[in-house]
Amino acid sequence: MSLAHDFNHQPTSQDEVVLSARHIAKSFGNTHALKMVNFDIHRGQVTTLFGENGAGKSTLMKILSGVITPTSGDIILDGESVVFHNANEARAKGISIIHQELSLAPNLNVRDNIFMGREIIRNGQVDFAEEERQTRLLMEELEEDIDPLMPLEELRLGQQQIIEIARAISQNSRILIMDEPTSALSAAEVEVLFKVIRDLTSKGVSIVYISHHLEEALEITDHAVVLRDGVMTAYAPRRDIDLEWIVRNMVGENFDLGTPPQGYDFGDTALAVKDLVIADPKGGHYNVVDKLSLEVKAGEIVCVYGLMGAGRSEFMECAAGRLKPKSGYILLGDQDISTLSVGQRIQSGLALVPEDRQKDGLVQTMSVGENLSLASIGEFAKGLLTPRSAENKLIKDSIKSVTVKTSGPEAAIGSLSGGNQQKVVIGKMLATGPKVLLLDEPSRGIDIGAKAEVFKLLAEKAKEGLAVIYSTSEVAECLSIAHRIIVMHKGKISAQFDSNVSKEQIMAASGEAVTH
Amino acid sequence: MSATAKTQPAPHVPVKKEKLDIGRLLLEGRAFFALIAIIIFFSFMSPHYFSVNNFLIMSSHVAIFGLLAIGMLLVILNGGIDLSVGSTLGLCGVFAGFLMQGVNLEFLGITLYPSLWVVVLLTCGLGAAVGIVNGVLIAHFKVPAFVATLGTMYVARGIALLMTNGLTYNQLAGKPELGNTGFEWLGFNRLAGVPISVLVLIAVALLCGLMLSRTAFGRWLYASGGNETAADLSGVPIKRVKIVVYMLSGICAALAGLVLSSQLTSAGPTAGTTYELTAIAAVVIGGAALTGGRGTVRGTILGALVIGYLSDGLVIIGVSAYWQTVFTGTVIVLAVLLNSLQYGSSGKSR
C-alpha cells in the first residue's frame, strides 16, 4: 500500500476501497475536461457520479475503464498503481463499462451476444452447448427468465440491458461502470435493474453509476460524488445527502426550474383534441392513445406526465402529423388540421420539438444557422432564390432569442453542447411563428442549467400568447412552469392537476409506485 | 474549366477563422490539386496535351460524364443512388434518333418530322419521366433506391434495344426541306471557340449550383439527405424533394444522351453502358458523401474533370486501355479513403 497522496478532498471511509483515482487530469487540446479529480470506488457498494453535461463524468469513466488515458494522475487498484492502455487491459483487471448505447447485436440470440468475441472453442468449433449452459446459469443468477436462444431483438429494452450486464458479469467484472442505464427503461424495468444491482453488490461487485435521473440514483446509491466543470465539488455517503444537496453542488447555486408565469389572462382555445385514438404504430393490437380529449388555451402551459409507453410521444407525433390517428380529430383554433401534412400544420401554427434531438431534431451535416432556418426557409423564399439577408437576420435573431451559445451561425451543429442543441431545435420551430408548441421531453439529456433556461424561455413565450404543451418523466419538472399537469396512463388521461399538486399525487396517478 | 470552378461556395463547409492549416487545405481541395497534378504530369509527358484545343476537346468528352454526375450528385445528396442514368442516356439518345427519323402515324397516313427543339424537349421529357418513375418507386413505395434504379436500368436498356431491334440510328442530320436540321450542332459546333456541349455543362452546373446554395429547395435537399426524419418534422416535403431529385437526374441523363448521340452522329441502344458508375465516381472524387447531405457542384465538376483528363491523358501518352481502368479505379479508391478521413475527423468534433 503506497497511498502516499493526500486525501483532503475526500474523507477516508472505513469501507474497503477497491479502486482509487488520484489527481486525475485530462486535457483535450486547450480544453481541460478533468482537473485533479480524486475518486474512490468501494467494494460491494454503489458510487454515483453526479454532474451536468460536460462536467467530465464520461471522461472520468472512460479513463477508469481504459478507453482513454489520463494526461496525469494515478489509478490505484487494490493498492497497486496501474496503467490501462486500452479497454481490454482494464477488462482483464475486472473493470467493465456499460455504455449508454447498448453494444449488442439485435440479430443474434442472447447466448451469442453474451459470448460475442470470446466464443468458447472446442476442437476448432464453437461449443454452443457449453455457452448455452453458462448463459442459463447467468440468467438464473440474475433471476431473469430469458431463454438463451431468444433473438435479442425480441427482448424488451430493459431485458437487453440485463443481457449487457450479464455479459459484463460473465467476464468476472469486479467493477461495473453503468452510464445512464435507466434512460430508456420503464419504472418496472428500473426496479428489476436495481434488484440486479443490489444482488451484485451483495456479492462484492462494485458499481459506478451515472444518471441524470437524480431521484432514481438516490434510491440505489451508497456514495455520491459530484463533478462540476471537471472539478470534484463534493463527496458524501448516502446518509448525509439529499436531492437538494446534489443539485446545489451540481449547479453551484440554489436553483429552481421556475414557476408558472402569472399576471395575464389566457386567450381563446388554441388547440383542441377530441376523442383521439391512435393504434400502436409498431403493429400491436391495442391503442397507444385511447379516446384522448384535451383543450389548451393560448398562453397556457400544460405538462403531460407519464411513464414510458403511456402514449405521450405518440399523442404528440400524431398532433404534429407524423402518425395517423385511427379516429378523433384535432382543431387548431377553428381549423381542423387532422388531414394536413406536417409542413401544412407548421404553416398553420403547430410545431413539434421531438424527443430525440439527434435522430429527429437536427441535421448533423448542416451548420447551426442552417438548422435554425430549416423549418421556415420555405416561408420567406419569395420568388426563386432565398434572400440571404433575411435568412441571416432570422438566424441572428433566433440565436439571440433562444440564447444559443455558439461561435457563430457557421459552426457545426455537433460542436454545441446538448443543451444548446436542444435550444437550436426549439429556436427552429419558434422561427416558424407557431401558436401551439409541443415539446416531447424537452429536458431529456440536457443539464440542469440548460433545463432552467429552456423552461424560462417557454414561460416567456407563453406570456406572449403561445400555447405550450411539454411532456416529461421527471416529477420535479411538472412542478415548474406548468399551469396545468395532465397525467397519462396507458393512453388515457388518468388525472389533471393544477400547479399546487404534490409529487406523490402525480406519481400515484401515473401508476408509478410511490417510493418515498 | 475556369468558369465551372466558380460556382457558389459550398453552404455546408464550415468557415475557418483560424490560421490556414495546410493539411486541411490539401484535404479539402484534393480534387482541385489532383486535377492540377494530372495536368502538369501529362504536359510533361506529351507536347500535345497542354494546348487550348486539346483542353476543349477533352472538356467536350467530360461534358457527358459531367452532366450525368451533376444529376447523380443531386441524388447522392438526397442519400440515394441512381443506377439508371447510363440506360436513360441510351434510351433518350435512341428516342431522339427515332424522332429525327420521322414519326410515322400510319392510321393518319402522315409522317411527322418534329423540329430540333421539339426533339430536345420531348427527349428531356422522357428522361424526366424515367426519373419520376424512380422517384415515385423510392419515395412512395419505399423501394430501396439501389433496387428501384437497378430495375429501371434494365427496363430502360431493354426498351432502347426493342425500339431499334438492337440497331443504331445513323440518319440524325435531318433534311433542310423538313426543317429538322441541326442535330449535330450540340456535339460539334462552337460558340466563341467553346464546344456547345461544354457550354451546356457549364449552364447546368451554374443552375444546379445556384439551386443548391440559394433556393429553399436546395436547403431541403441537403436537409433531407442529412437527416430525413428531422427534415420531415421541420415541414420539409421530403417525398416531393425525392421525386424532383430523381426527375432532375433523369433530365441530366437525357441531356447527356442528346450530346453523346450528336457527338457520335448516331444513336445506339447500348450507348452509355456503365456510365452511371463513372458518374458516381466523379461525385465521390468530388468529395460528396455517399451517406448524403454533403457535396457540392464545384467538387463534382472537378471530379468529372479529374476522371476525364486522366483517361484522355493516358490515351494521349499511349497507355493501354487496360491500364487506364486500373488507374481510374485507384483514383476512386483513393478519393473514398480521403472522404472518410475528412468526414471521419469532422464528425467527431467536440
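Domain bounds here come from an automatic or database domain assignment. Keep that in mind as you look around this predicted model.

**Stop 1: chain A as a whole**

Select chain A and colour it by domain. Chain A is divided into domain 1 (1-94 + 174-252), domain 2 (105-172) and domain 3 (269-509). Notice that domain 1 is written as two stretches of residues. If you mark the centres of domain 1 and domain 3 of chain A, taken over C-alpha atoms, you will find 34 Å between them.

Now switch to a cartoon view. You should be able to pick out 18 helices and 22 strands in chain A. Turn the chain along its principal axes, and its C-alpha atoms fill a box of roughly 75 × 50 × 50 Å. Its radius of gyration is 25 Å, which agrees with the value near 24 Å that a compact globule of 516 residues would have. Of those 516 residues, 46% count as buried. Among contacts in chain A with a separation of 6 or more, 71% are between residues 24 or more positions apart.

**Stop 2: the six-stranded sheet**

Next, select strands β6, β9, β10, β3, β11 and β12 of chain A. In that order they form an open sheet of six strands, with mixed pairing. Which strands sit at the edges? They are β6 (95-98) and β12 (231-237) of chain A, each of which pairs on one side only. From one strand to the next, the twist averages 15°.

Zoom in on the β6 side. β6(A) pairs with β9 (residues 175-179) of chain A in the parallel sense, over four bridges. To see one partnership, show A:I98 and look across to β9(A), where its bridge partner is A:M178.

Then add helix α1 (residues 57-64) of chain A to the view. Helix α1 packs on the sheet and touches β3 (46-50), β6, β9, β10 (206-210) and β11 (223-228) of chain A. The direction of this helix makes about 150° with that of β9(A).

**Stop 3: A:T269**

Select A:T269, which lies in strand β13 (residues 269-279) of chain A. Is A:T269 buried or partly exposed? Count the other C-beta atoms within 10 Å: there are 16, so A:T269 is partly exposed. A residue needs 20 or more to be buried, and 12 or fewer to be exposed.

Now show what surrounds this residue. Leaving aside neighbours within four places in sequence, A:T269 is in contact with A:E295 and A:K297. Add A:G333 too: A:T269 and A:G333 are 64 residues apart along the chain, yet their C-alpha atoms are separated by 6.3 Å.

**Stop 4: three strands side by side**

Select β18 (residues 350-353), β19 (residues 436-439) and β20 (residues 467-472) of chain A. β18(A) and β19(A) run parallel and are joined by four bridges. Across this pairing, A:L350 stands opposite A:V436, and A:A351 stands opposite A:L437.

On its other listed pairing, β19(A) is joined to β20(A) by four bridges, and these two strands also run parallel. Look for A:L439, which stands opposite A:Y470 in β20(A).

Show the side chains of β18(A) and check its two faces. Both are covered: A:L350 and A:L352 on one side, and A:A351 and A:V353 on the other, are all buried. What do you find on the two faces of β19(A)? Both of these are covered as well, with A:V436 and A:L438 buried on one side and A:L437 and A:L439 buried on the other.

**Stop 5: where the chains touch**

Bring chain B back into view. The contact takes 32 residues from chain A and 27 residues from chain B. On the chain A side, the elements that give two or more residues are α10 (342-348), α11 (357-361) and α13 (377-380). By class, that side has 17 nonpolar, nine polar and six charged residues.

**Stop 6: chain B**

Finally, select chain B alone. How many helices and strands does chain B have? There are 14 helices and four strands. The radius of gyration of chain B is 21 Å, close to the 20 Å that the globule rule gives for 350 residues, so chain B is as compact as a globular protein of that length. Along the principal axes, the C-alpha atoms fill a box of roughly 75 × 55 × 35 Å. Buried residues make up 52% of the 350 in chain B. Of the contacts in chain B with a separation of 6 or more, 78% are between residues 24 or more positions apart.

Note on methods:
Residues numbered from 1 in each chain as written. Chains lettered and ligands numbered in written order. Predicted model: local features only at pLDDT ≥ 70, side-chain atom pairs only at ≥ 80, totals over all residues. Rg over C-alpha atoms; globule rule 2.2 N^0.38 Å. Contact = placed C-beta atoms within 7 Å. Nonpolar A, V, L, I, M, F, W, Y, C, P; charged D, E, K, R; others polar. Pairing = 2+ DSSP bridges. Axes fitted to C-alpha atoms, helices over the stretch in contact; angles between N-to-C directions.
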